Amino acid sequence: MSIVLAWIVLLPLCSFVLLGAMYLFSITQRRIEQRYFTFVALFSPAVVFVLGLAALRELMLRGHALHYRAYVWLHVGDYRIDMGFLGDKLSLFMVFFITLVSGLIHLYATSYMNKDEGYGKFFAYFHLFTACMLLLVLADGPLMLFIGWEGVGLCSYLLIGFYYQNNANVVAGNKAFIVNRVGDLGFLIGLAMLFFYGQSHDFSYETLALHIGAVPSEILTGIAVALFVGAMGKSAQIPLYVWLPDAMAGPTPVSALIHAATMVTAGVYMVARFHFLYDLVPHVGIFIAYIGALSAFFAALIATKQSDIKKILAYSTMSQLGYMFVSVGLGAYDSALFHVFTHAFFKALLFMGAGAVIVALHHEQDIFKMGEMRRVMPVTYATMLIATLAISGIPPFAGFFSKDEILSVAFGSGHYELWLIGTVTAVLSSYYMFRLFFVVFEGTHASHSEVHDVDWVMKAPLIVLAVGATFAGFLGLPELFGGKHLIGEWLASWRREAFHLSHVVEEILIALNVVAALLGIAIAYRKFRFYDRRVAYKPEGIVYRKFYVDELYDVLFVQSIQRLSRFIAETMDKKLVDRVVMGMSRGFVAAGTRIAWVQNASVRLYAFIMIAGIGAASCYLLAVLR
Amino acid sequence: MEHILSLLVFFPAMAGLLGFLVVKESIRAYGICVSAIEFVLSLILWMVFDTSNPGYQFVEFFPFVPSYGMNYYLGVDGISLFLIILSTFITMIALIGLSIEKEIKNLVITVLFLEMTMVGVFVILDVVWFYAFWELSLIPMLYIIGAWGSANRMYAAIKFFLYTFSGSVLMLVGILYMGYLYHDATGIWSFALPDWYALQVPFDAQLWLFGAFFVGFAIKVPMFPFHTWLPYAHGQAPTIGSVILAAVLLKMGSYGFVRFSLPLFPDASVYFLIPVAIICIIMVIYAAMIAYAQEDMKQVIAYSSISHMGIVILGTFAMNGEGITGSIFLMLSHGIVSGALFMLVGVIYDRRHTKMMKDFGGLASVMPNFATIYGIMLMASVGLPLTVGFVGEFLSLAGFYRINWVMTLLAGTGIILGAVYMLVLYKKSFFGEVVHVENKTLKDLNAKELSALIPLVALVAILGIYPKPILTTIDASVEKMLVLMDQKALQDKTKELLMKANTIGGNH
């Protein structure tokens, strides 16, 4: 029965191959109608969702993790690494919401991408992504995880540059891939260290966890940091976050699925998966928490000044991921995963709502060119409102519970500065989100021509996700409200230590959070509720320019490497290395020409050389024989 | 079965001789048939190969100059088996994809002779014969580049020949000295490699001998700073020449390190480990940066070959099962991937007669199949997991991690730089709008090209998903070699390092 895990990965992979072949056939041979693509594109996610539920049910019935070993992948030296799938509480929890959200986004995308030339290609990539993402979470060892990890990176690259005719998109894709490669190098080094010190012959989490205690602690620190460098890349944390805002060049469903709900949370998942390692090095955890908190604050700050709707959401994603890292860093993996879960709903919803607005306005992304969209698209308006409330942390919407939990963890851990950064960030988040909301949906004097609402295929997933964004938080209802923390119970093994706060403190914290959120909303209301679209908005300043980090990186890394490469190629290699070689060969030629003078056909010279030679030989012999 | 190795070596050459009788029109079909039979033969060799036996199999021995211990001595083990299959496979694929019309009869016959020398190098166990095959392989390649290359072909061909030839002359001196040492120690002459394995060479002599062999191998690989012949050779060679050169001929050098340097001179190998590793790191980064600065698509791939070979040699000098097995696997995967990439460049060169990236752009919309296959090969070259490129690279790096982690990290930057130059290449040539009018009407891959490329794509996927059968077979022979090295080591330092390299976290 545990073979179902393999099918969860295999099915989207098969449909990827099928869609890819259909697409290539369609563009090179004979056109295939779009509905055939749609059929495959929707069939597979639906089945995978059901398979995921089946696996979940099986897990509940059995009470212990499902483990399926398909075959031996590598067998070298002392290692025997299986292509194995692990279905425990964590991975099947991830599978559940990934397949759910991904299914909805697939449905949405059939309308978003309607009549697009690359319809088949888009879904082929989407399915490949789904397969890799599911492999990432279902892997039973770090090397398998890395396969998925790189696979999702590849799909992200392919989908960011989906409209490759535009050079900017391709550049954004390359940037994403290369920045992630930097992280991957860290991850690979971490893997090599684990490989060396882990004493695990099958290199699975299970045996690694058994032997990890024997590893010296400074090595553990190294491994933990190296692996986290990978997470920095994938989950867009400081300093490797620069690719995420640019990644918004991809079609909006891509942003919703890959760059909001699933792939970017892989870093959080990875740290939670390695909790046995991170539990032993709490100081690395503190480092992670600080990186998370700084990223959260920094991104929220930048988001307050942006004008591109998708970029605002991208920075918001980075900011929310920062919260998750605060939580994993402090050892509350379950709280982080709870936030991953609720975030998947409201952030996917925000992106899809934004996508609907973008489509309605014929691919306009500047929020200051929108305005008064509530009249045109009431459903989108309502669902976006729910999502915005959820991300701002207004009870009872989903984001409130998970964010509150993370902040209480930060407070309870005694790192008050982390809590403070988190709370300030919460004010900023609700501010920039409602700024976006008011400017896009409210405001005055918008004069759109030819605006139309989107069709129901796009709206239906919005409604489903809105339900999720409203109620997902109740799965983690804290005891304070007399609830049972279902997710906390389900993921009970993913918590290093419980931080006990008295009820009074908890109530105060909750009140503060709500006040923080309301404060942000109030400022946004004052400034943007009646935003007059006729007044041109010209954002300026260092925040709008994202603190010039992109420019700095460009000078530091891109241009310097370009210059150095050119120098090496043109000067070093051609003028130095090759010249030495050719100089040697010319030296031989020159020496040869000189010596060739001896053979100048002059008999007298030959006779002279002969006599000189005989003379020299005789002298030598005389000297030796004497 | 007992003469299968001789058959493998001489069948292509014999068939090549017969090829003179074949009419020009059917010589291509003839060549493909011969190379296909040869490929099937090598597969049969794999099938009857006993994977549980790490020693030499199918050994053939005929006295040649018995008084001086030079014999016709053939044998195959896990290390050479797959390189033989790689040679026969790539030759077949290269002939299938052949698009040259000029003097095609001579070309096919030359390629078949080249195949003999390649297979010969990998199966021969007598060092004098090895040297003969090693040098003989230069001549067909010289001819291929010199006769079918582009404008500046004579310069490139002669540079290729003289450069590699002068390297191997030093190796010849080393071989003779080694023979003399053997005679000195045992009183009999022998040039049989297994005999030499048994000899403990004095440390000082090891250092000199390692150096002599090193130059020969390093030029072939090519290692920095002996690499400058390669870009010229690739730049001028016809597609089939580049494919075979990159896929197989370079592997002779790295094979030499595994077959000769390590087991014959274990102490010297350990003594020179760090300098060699530094050269490898320079190679990886230096060549990757040059590749990034290139305008010519073929040069990018040529320099990327150098960069990847750096990781191969690094893995070899990891002195442990993971590293050496990984590096041999990387040789195979690099053979497949670089062969395919050169072939793909040939495809577009045939259509446009240019290799400059600025002359392309937007090819993805004109030639979708071509772009797809190119993309797959590119990802394999970058080392994406589940393609053939990942396993070898990871094992090589993970193996070397035990020697020195800083160096591993530095060499690992190659994976970042690799992504940089490959993605830039892809962006410039395949993405964007179609700016040149000539490119708008380009034809996608035809049946001939597809039949050459699809097997390569299939291999990239299959070996990436299921590398185990190959790895296990290689690993058995590598472990045997490591044991031999440990037994032969004269110095305590060597033994210590071998111990350290083959230890996981305190357990041997």
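This passage describes a predicted model with chains A and B, moving from the overall build of chain A to the interface, the internal spaces and selected residues.

Chain A is built from 25 helices and 2 strands, and its C-alpha trace spans about 115 × 60 × 55 Å along the principal axes. Of the 626 residues in chain A, 59% are buried. When contacts in chain A are restricted to residues at least 6 apart in sequence, 81% of them join residues that are at least 24 apart.

The two chains meet at an interface in which 53 residues of chain A are in contact with 67 residues of chain B. The size of an interface is often given as the accessible area lost when the parts come together. Expressed in this way, chain A and chain B bury about 5,500 Å² between them, and 73% of this area lies on carbon and sulfur atoms. On the side of chain A, the three residues Y164(A), R181(A) and F196(A) supply 13% of the area that the chain buries against chain B, which is more than any other three residues supply.

Open spaces were examined next. The second largest pocket has a volume of about 900 Å³ and is lined by 26 residues, among which I178(A), V179(A), F557(A), V558(A) and V420(B) lie nearest its centre. Helices of both chains take part in this lining, since at least two residues each are supplied by α6 (167–197) and α24 (549–596) of chain A and by α13 (273–293) and α19 (405–430) of chain B. The largest share, 8 residues, comes from α24(A). Sorted by class, the lining of the second largest pocket consists of 18 nonpolar, 3 polar and 5 charged residues.

Enclosed spaces are also present, for the structure holds 12 cavities of 30 Å³ or more. The largest cavity has a volume of about 140 Å³, and of the 14 residues that line it, G97(B), L98(B), S99(B), T239(B) and M343(B) are the closest to its centre. Three helices of chain B, namely α11 (239–264), α15 (321–352) and α20 (447–465), each supply at least two residues of the lining of the largest cavity, with the largest share, 4 residues, coming from α15(B). The lining of the largest cavity comprises 8 nonpolar, 4 polar and 2 charged residues.

Within chain B, L114(B) offers an example of a residue in a helix, as it lies in α4, which covers residues 104–123. Its relative accessibility is 0%, and L114(B) therefore counts as buried, the cut-off being under 20%. Leaving aside residues up to four places away in sequence, L114(B) touches S137(B), P140(B), M141(B), I144(B), I244(B) and L249(B). By way of a distance within the chain, L114(B) and S304(B) are 190 residues apart in sequence and 24 Å apart in space, taken from C-alpha to C-alpha.

Cysteines were considered separately. A disulfide is a covalent bond between the sulfur atoms of two cysteines. The structure holds 0 disulfides over all chains. In the case of C132(A), the nearest cysteine sulfur, that of C155(A), is 4.7 Å away, and C132(A) is in no disulfide, because a disulfide requires the two sulfur atoms to be within 2.5 Å. C132(A) counts as buried because its relative accessibility is 10%, whereas C33(B), at 46% relative accessibility, counts as partly exposed.

Finally, several features of the backbone are found in loops. A cis peptide bond joins P395(A) and P396(A), with omega at about 5°, and P396(A) lies in the loop between α17 (378–392) and α18 (398–412) of chain A. In chain B, the peptide bond from V221(B) to P222(B) is cis, with omega near -10°, and P222(B) is placed in the loop between α9 (203–220) and α10 (229–236). Although F203(A) is not a glycine, it has a positive phi of about 55°; F203(A) lies in the loop between α6 and α7 (205–211) of chain A and, with a relative accessible area of 2%, is buried. H363(A), which is likewise not a glycine, has a positive phi of about 60° and is found in the loop between α15 (333–360) and α16 (373–376) of chain A. At 57% relative accessibility, however, H363(A) counts as exposed, because this value is over 50%.

Methods
Residues numbered from 1 in each chain as written. Chains lettered and ligands numbered in written order. Predicted model: local features only at pLDDT ≥ 70, side-chain atom pairs only at ≥ 80, totals over all residues. Heavy atoms only, no water. Buried < 20%, exposed > 50% of the residue type's maximum accessible area, 1.4 Å probe, protein only. 1 Å grid on protein atoms, 1.4 Å probe; cavity = no way out; pocket = protein on both sides within 12 Å on 5 of 7 lines; lining within 4 Å. Points joined across faces, edges and corners; volume = space filled by probe spheres on them. Nonpolar A, V, L, I, M, F, W, Y, C, P; charged D, E, K, R; others polar. Contact = heavy atoms within 4.5 Å. Buried area = accessible area lost by both parts, 1.4 Å probe.
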